[in-house]
Amino acid sequence: MKTQDVINKLESKGIKPTANRILVLKTLEGEANPQSLKDLERKMVSMDKSSIFRTLTLFLEHDVVHSFEDGRGVLNYEVCE
């Protein structure tokens, strides 16, 4: 997904498109499977775990992503379509 598309998606949900938010959404959009916080932390070494978690929490509140437990007690995140 192009950066401008990500920015437009965030703005349409009422979220200010910061660099971290764009990075998290682009990473999630680029994955074929849902990602856990640990997966995202490994892929985005430039961001710390708490920043990723805060961004995911914001995305959940604005219906950008949804989460579900995978049966092992791990939350996975996926972009809402």
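**Exercise 1. Determine which strands α4 lies across and at what angle to β2 α4 runs.**

Solution. Helices (H or I, at least four residues) and strands (E, at least two) are DSSP runs, numbered from the N terminus. Helix α4 lies across β2 and β3, where contact means heavy atoms within 4.5 Å. Its direction is at about 105° to β2; axes are lines fitted to C-alpha atoms, for helices over the stretch in contact, and angles run from 0 to 180 degrees between N-to-C directions. Helix α2, in turn, lies across β1, β2 and β3 and runs at about 90° to β3.

The model is predicted: local features need pLDDT of at least 70 and side-chain atom pairs pLDDT 80 or more, whereas totals for chains, interfaces and linings use all residues. Residues are numbered from 1 along each chain as its sequence is written, and side-chain values use heavy atoms, with hydrogens and water left out.

**Exercise 2. State the strand order of the sheet and identify which strands stand at the edges.**

Solution. The three strands form an open sheet in the order β1-β3-β2, with antiparallel pairing. Strands β1 (35-36) and β2 (65-69) each have a single partner strand, so one side of each has no neighbour in the sheet. Two strands pair if DSSP finds at least two bridges between them; β2 and β3 pair over five bridges. Within this pairing, His-66 has Glu-78 in β3 as its bridge partner.

**Exercise 3. Establish whether Asn-76 is buried or exposed, and what its side chain approaches.**

Solution. Asn-76 is placed in strand β3. Its relative accessibility is 9%, so Asn-76 counts as buried (buried is under 20% relative accessible area, exposed over 50%, partly exposed in between; 1.4 Å probe, protein chains only). A polar atom of the Asn-76 side chain lies 3.4 Å from the backbone nitrogen of Ser-36. Beyond its neighbours within four places in sequence, Asn-76 is in contact with residues including Pro-34, Ser-36, His-66 and Asp-70.

**Exercise 4. Describe how α1 and α2 pack, and which residues meet.**

Solution. Two packed helices are described by the angle between their axes and the distance between the axes. For α1 and α2 the angle is about 110° and the axes are 10 Å apart. The two helices are therefore roughly perpendicular (65 to 115 degrees; under 35 is roughly parallel, over 145 roughly antiparallel, the rest oblique). Among the residues that meet are Val-6, Ile-7 and Leu-10 in α1 and Ile-22 and Leu-25 in α2.

How values were computed: A polar contact is a pair of N or O atoms within 3.5 Å; within protein, one must be able to donate a hydrogen and the other to accept it, and residues adjacent in sequence count only if both atoms are side-chain atoms.
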